[in-house]
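Student: I am new to this structure and would like a close look at a single part. Please show it to me first.

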Amino acid sequence: QQTLKPPHLAIVPSPGLGHLTPLIELAKRLVVHHNFAVTFIIPNDGSSMTPQKKILEAVNLQSISSTFLPPIDLDDLPKDAHIVARIILTMTRSLSALRDSLKVLNESTRVVALIVDVLGSDAFDVAIECNVAPYLFWSSNAMSLSFGFYLPSLDETTSCAYQDMLEPVQLPGCVPLHGRDFLDPVHDRNNLGYKATLSVSKKFKLAYGIMVNSFMDLEPEIFKALKDAQVSQGFPAVYPVGPMIKPSSTGKSDGGEHECLSWLDSQPRGSVFFVAFGSGGTHSLEQMKELALGLEMSGQRFLWVVRTPNETTKNGTYFSSDAQQKDPLSFLPDGFLERTKGVGLVVPSWAPQIQVLSHESTGGFLTHCGWNSALESIVNGVPLIAWPLYAEQPTNAVLLADDIKIAWRVKMNDKGIVEAQDIAKYARGLIEGDEGRLLRNKMKELKEAAKVALSQQGSSTKSLAEVAEILKGHK
Ligand code: UDP
C-alpha cells in the first residue's frame, strides 16, 4: 500500500513571510506538475503565526498540509543580535521538534527529501539522521548563492572588516562586489549574526541539490560559473527554477479590493511610481520626510506604502506588524496629503504589491530590493530604483543595477540620507525621462524572458522537472 502513496517532501521555511511565499509556489508546482505530496513544517519564533496560517490555508490543495512546531524562546539573545541571528537560532532551536515531526511523518509516508531555504541549512543534520535527502531552496538569486559558497573561504583568508576591504571581491561570473555591499549580517564579525551566517554557509555543501529562485537568462554567467564550480570544486548541483512568485491577478479592481487598485484604474498607462519597502522596511523620520518631499517635487503620480518611522532599525516591521503602531500617515510633512491629492496616493503599512505591479498604470518601482519584490517587478516588466536597506538587499542592488541593468541605485549623502532632489530625479527619469529608456526596454525584454523560462519547454520548467525526477529516485 505504502508504495502507492505519492513521494512526500518535507519543507521547512525559515521565519518571515518572504521565505514562506516562494516555498509555497515551489510546493504547488511540485504537487501539480510532478505528483508529490508536501508537508510544511513551520518553526515558530514566538511571534504571531497568524499570517503564515492564513497563507497556508489559502493554498487549498489536498496534497499540501502543514504542521507548526512549538514556539522557541529567544529572550536570552543580546539586544544587538542581528535579525538573521534570530532567524537562524529559531531554526536551530527548533531542530529537536523538527526531528520528532520528521520521524512521525516518515513512519506514515515515504519522505524522499527535506527542503529548507537560505537560512535553514542547520536542518540538514536532522535530514541526514532521518535518512532523508537534504535539499536547499535558495529563495534569492544566483549571485548571493555564489557569495554564500565563497563566504567560508573569505572568512579564512581575510581578517579586516569587510567594509574596509580596498578591492571588491570578484565572485565567479559576477560583477565586482564591494565589502560594503555584502549582506549586512556579515558586516560585524563579532555579532552573533555573522557566526550564524557563516555556519549555515558552511553547510551548503551538504545539500544534494540547490534550487534557485532565478532563471538562466537573468544571470547566465553566474549560473555557468556555478556549474563549473560543481565540476571543479564539488559544490552541489544548482537548478534555476524561478521566478517563483505568488500568482498575480489581472490588476483590475473588482469590487471589494484594495482602494489603491481602483485609484490605479483611473491613472494613465505606465504613469505611476510605486514606492514600497517589503514586509520589514522602515526609515527614520528625517528620511521619511525627505522621501515625501522628493515625491512631491517629482511631479509624478505615485503610490506610496507608508510605514511608521523607526530611528533604530531599517527592518522595523519584519517581526511585528505595522498595524500595532501609530498611524504612519501622521508622520508625513504638514500639508503633504493636501498638496499631493489627486497626483499621489499614500497607503498605510501594506498594499497588494503584486496586483499593483501587474497593473498597467504602474510604470516604475522604488524598492528595497528584497528578492521577491525584484522578481515580481521583472515578471511584470516594471523598471526599478534600488534602495537597499538590510539583509542581502545591497548585493541584490548591485546585481540589478550593475549586472542586469534594470535599476538605478540611490545615492546617499554623508548622513546616509537619500535627498529629495535625487528622489525627484529618479522618479522622473524612470517613468518618462530619456535616460530611463534603456532600463525600461531591458525590463520589457526580461519580462518576456521570464515568461519563456516558465513556459512548457522553458529552461526553469525543464530544470524543475530534472530535479523532480532526481527527488523521486531517492530511497
Ligand atoms: N508585499 C506586499 N505589500 C507590501 C509590501 C510587501 O504585498 O506593502 C509583499 C511583496 O509583494 C513580496 C513580499 O511582501 O512578495 C516582500 O518580499 P521581499 O523578498 O521583497 O522582501 P522582504 O519582505 O523579505 O524584505
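Student: Where does P328 lie, between which strand and which helix? Please start there and then walk me outward.

Tutor: Start with the setting. This is a predicted model. It scores ipTM 0.99 and pTM 0.94. The mean pLDDT of the protein chain is 93, and 95% of its residues reach 70 or more.

Now to your residue. P328 sits in the loop between strand 9 (301–306) and helix 11 (336–339). Is P328 buried or exposed? Count the other C-beta atoms within 10 Å of P328: there are 21. A residue is buried at 20 or more, so P328 counts as buried. Look also for P309. P309 is 19 residues from P328 in sequence, and their C-alpha atoms are 7.3 Å apart in space.

Other loops are worth a stop. C369 lies in the loop between strand 11 (362–367) and helix 13. Its phi is near 75 degrees, a positive value in a residue other than glycine. C369 has 30 C-beta neighbours inside 10 Å, so C369 is buried. A391 belongs to the loop between strand 12 (384–386) and helix 14. A391 is not a glycine, yet its phi is positive, about 50 degrees. A391 counts as buried because 30 C-beta neighbours lie inside 10 Å.

The loop between strand 7 (237–240) and helix 9 (259–265) holds P243. A cis peptide bond joins G242 and P243, with omega about 0 degrees. Take care with residues 250–254, where pLDDT stays under 50. The model has 8 contacts beyond four places in sequence for residues 250–254. Where pLDDT is low, the predicted coordinates should not be read in detail.

Next, the ligand. It is surrounded by 18 residues, and the closest are G18, G278, G370, N372 and S373. The shell divides into 7 nonpolar, 10 polar and 1 charged. Helix 1 (17–34), helix 12 (353–358) and helix 13 (371–379) each supply at least two residues of that shell. Helix 13 gives the largest share, 4 residues.

Now the helices. Why is helix 3 (residues 83–93) described as largely enclosed by the rest of the structure? Because 9 of its 11 residues are buried. Among them are I83, V84, R86 and T90. What covers the buried residues of helix 3 includes strand 2 (37–44) and helix 7.

Helix 6 (residues 142–157) has 16 residues. From its first C-alpha to its last, helix 6 reaches 23 Å, close to the 22 Å expected at 1.5 Å a residue. There is a kink of about 45 degrees at Y150 in helix 6, shortly before the proline P152. Buried residues of helix 6 include A142, M143, F147, F149 and L151. The buried residues of helix 6 pack against strand 5 (133–138) and strand 6 (209–212). They also pack against helix 7 (192–203), helix 8 (220–233) and helix 14 (393–403).

Finish at K451, in helix 16 (residues 437–454). K451 has 13 C-beta neighbours inside 10 Å, so K451 counts as partly exposed. N380 is 71 residues away from K451 along the chain, with 9.8 Å between their C-alpha atoms.

Conventions: Residues numbered from 1 in each chain as written. Predicted model: local features only at pLDDT ≥ 70, side-chain atom pairs only at ≥ 80, totals over all residues. Near = placed C-beta within 6 Å. Nonpolar A, V, L, I, M, F, W, Y, C, P; charged D, E, K, R; others polar. Expected span 1.5 Å × (residues − 1). Bend = angle between axes of the 7 residues up to and from the residue. Buried ≥ 20, exposed ≤ 12 C-beta atoms within 10 Å, placed from the backbone. Contact = placed C-beta atoms within 7 Å. pLDDT = per-residue confidence, 0-100.
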